[in-house]
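Thank you all for coming. Please have the sequence and the structure open while I talk, and stop me if a residue is hard to find.

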Amino acid sequence: MLDDTLTLKKLEIFLAFMKVGTLAEAAEKLNMSTVSVHRAIHSLEEGLKCPLFRQEGRLLVPLPSARVLEERAEQAVLALDEAVKATRETAGIYSNQFKLGALYSLTLNTVPRLIAGLKLRKGDLNIELTLDSNEVLFRKLKALELDAILVSLEPDFRDDDYTCLPLFSDEVLLAVPADANLSALEALDLADLRDQTFVTLTRGFATYRDSFKAFERAGFEPNVVMEVSDIFSLISMVSASVGYALLPRRVEAVFENKIRMLPLKGLEDIRQNIAMVCLASRERDPRILNCIAECRAYARQHEADA
């Protein structure tokens, strides 16, 4: 059974001393005092219950026992490093695999730019992308199935379990078919459309949440004729005149030939606050730090372009 005085720290000090050969150089390398280095080596000898050095003046000369310990200790420290690395990689931490989650609508511009930037920062990063709703992405992040997510946050969102980095804020507008009569108008009162049909995303999506917040403010319950599970299907339904929808402005530039986006009077404060979110306990993970840095760069560029 190992003596309690035999610690990894003492072995590391011993190995540093064996490499440089003097207490002063070992102390400088370890940012310690020479007294602390000497004390650690002496304590190691006591724990082993055998001498490792003989004293020649102020010098410590290694005995054959020290050479054996040096060889075996180096192997033990290396094996422990490999064990820690393998354990972290199995847990999905500090590996080259990076699992990013995002809303479907962010694949139009934000996600490709962030992924391209991440690959420039760390070329060997293997990025796995998951697209889903706000609700599902948060659940997967909490379960450690994702490393970071790009989602829409409520303005008052606060949770110490998460680290959040704002990217941009997006208006929520009314989407109508490109050839609809309404498309000639510059702005609309949503309450005037209470007799129209609507299509929405399913519950759990940020756009579903914002849509029904707008309907509630407008004072009516919408006639929803279809719910779909991704924003691209929703846009197709609007384009085919199945119903109107409330959508974030970011889809407008890509689908302007299919739909037109109109502002809503009195509802300008309903916006989607897009942010990168990770678990606060994991924000020092090098892969997540790279993602945070790239998101900061993206946010600065987006603000400059606005």
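I will go through aromatic pairs, salt bridges, one residue in a helix and a patch on the surface. Please keep in mind throughout that this is a predicted model.

Let me begin with the aromatic rings, for which the count over the structure comes to 14 pairs. One of these is formed by Phe198 and Phe215, whose rings sit edge-to-face, at 5.0 Å centre to centre and with 70 degrees between the planes. Phe198 belongs to strand E7, which covers residues 197-201, and Phe215 belongs to helix H7, residues 206-218, so this pair ties together parts that are 17 residues apart in sequence. Are these two residues buried or exposed? Both Phe198 and Phe215 are buried.

A further pair, made by Tyr208 and Phe212, has a tilted arrangement, with 4.6 Å centre to centre and 35 degrees between the planes. Here both partners lie in helix H7, where they are 4 residues apart, about one turn of the helix. In terms of accessibility, Tyr208 counts as buried because its relative accessibility is 11%, under the 20% cut-off. Phe212, by contrast, counts as partly exposed, because its value of 26% falls between that cut-off and the 50% above which a residue is called exposed. If we then follow the ring pairs onward, we find that they link Phe198, Tyr208, Phe212, Phe215, Phe220 and Tyr244 into a cluster.

Now to the charged side chains. A search of the whole structure finds 16 salt bridges, and I would like to take a few of them in turn. In one of them the side chains of Glu154 and Arg209 meet, with an N to O distance of 3.7 Å. Glu154 is in the loop between strand E5, residues 148-153, and strand E6, residues 162-177, while Arg209 is in helix H7, so this salt bridge ties together parts that are 55 residues apart in sequence. Glu154 is partly exposed, its relative accessible area being 29%, and Arg209 also counts as partly exposed, at 23% relative accessibility.

The salt bridge between the side chains of Arg249 and Glu171 has an N to O distance of 2.6 Å. Arg249 is placed in the loop between strand E9, residues 245-248, and helix H9, residues 252-255, whereas Glu171 is in strand E6, so that parts 78 residues apart in sequence are tied together by this pair. Arg249 is partly exposed, with a relative accessible area of 31%, and Glu171 counts as partly exposed at 26% relative accessibility. Elsewhere in the sequence, Asp147, Arg282, Asp285 and Arg287 are linked in a network of salt bridges.

Let me return to Arg209, which also forms a salt bridge with Asp210, the closest N and O atoms being 3.2 Å apart. The two side chains are likewise listed as making a polar contact, at 3.2 Å. Asp210 is found in helix H7. How accessible is Asp210? Its relative accessible area is 1%, and because buried means under 20%, Asp210 is classed as buried. Leaving aside residues up to four places away in sequence, Asp210 touches Val172, Ile270, Arg271 and Gln272.

I turn next to His38, which lies in helix H3, residues 34-48. His38 is partly exposed, with a relative accessible area of 34%. Which residues does it touch, if we do not count those up to four places away in sequence? The contacts of His38 are with Leu23 and Leu60. As for Ala27, which is 11 residues from His38 along the chain, the C-alpha atoms of these two residues are separated by 9.1 Å.

The last item is on the surface, where Leu8, Leu80 and Val84 form a nonpolar patch with about 210 Å² of accessible area together. Of these residues, Leu8 is found in helix H1, which covers residues 8-20, and it counts as partly exposed at 37% relative accessibility.

To close, I would come back to helix H7, since it holds Phe215, which pairs with Phe198 of strand E7, and also Arg209, which is bridged to Glu154 in the loop between strands E5 and E6. Thank you, and I am glad to take questions.

Methods:
Residues numbered from 1 in each chain as written. Predicted model: local features only at pLDDT ≥ 70, side-chain atom pairs only at ≥ 80, totals over all residues. Heavy atoms only, no water. Helix = DSSP H or I, 4+ residues; strand = E, 2+ residues; numbered from the N terminus. Buried < 20%, exposed > 50% of the residue type's maximum accessible area, 1.4 Å probe, protein only. Contact = heavy atoms within 4.5 Å. Phe/Tyr/Trp six-rings, centres within 6.5 Å; stacked < 30°, edge-to-face > 60°. Salt bridge = Lys/Arg side-chain N within 4 Å of Asp/Glu carboxyl O. Polar contact = N/O pair within 3.5 Å; in protein donor to acceptor, adjacent residues only side chain to side chain. Patch = residues over 30% accessible without salt bridge, like charges linked within 9 Å, V, L, I, M, F, W, Y side chains within 5 Å. Areas by Shrake-Rupley, 256 points an atom, 1.4 Å probe, with all protein chains shown as cover.
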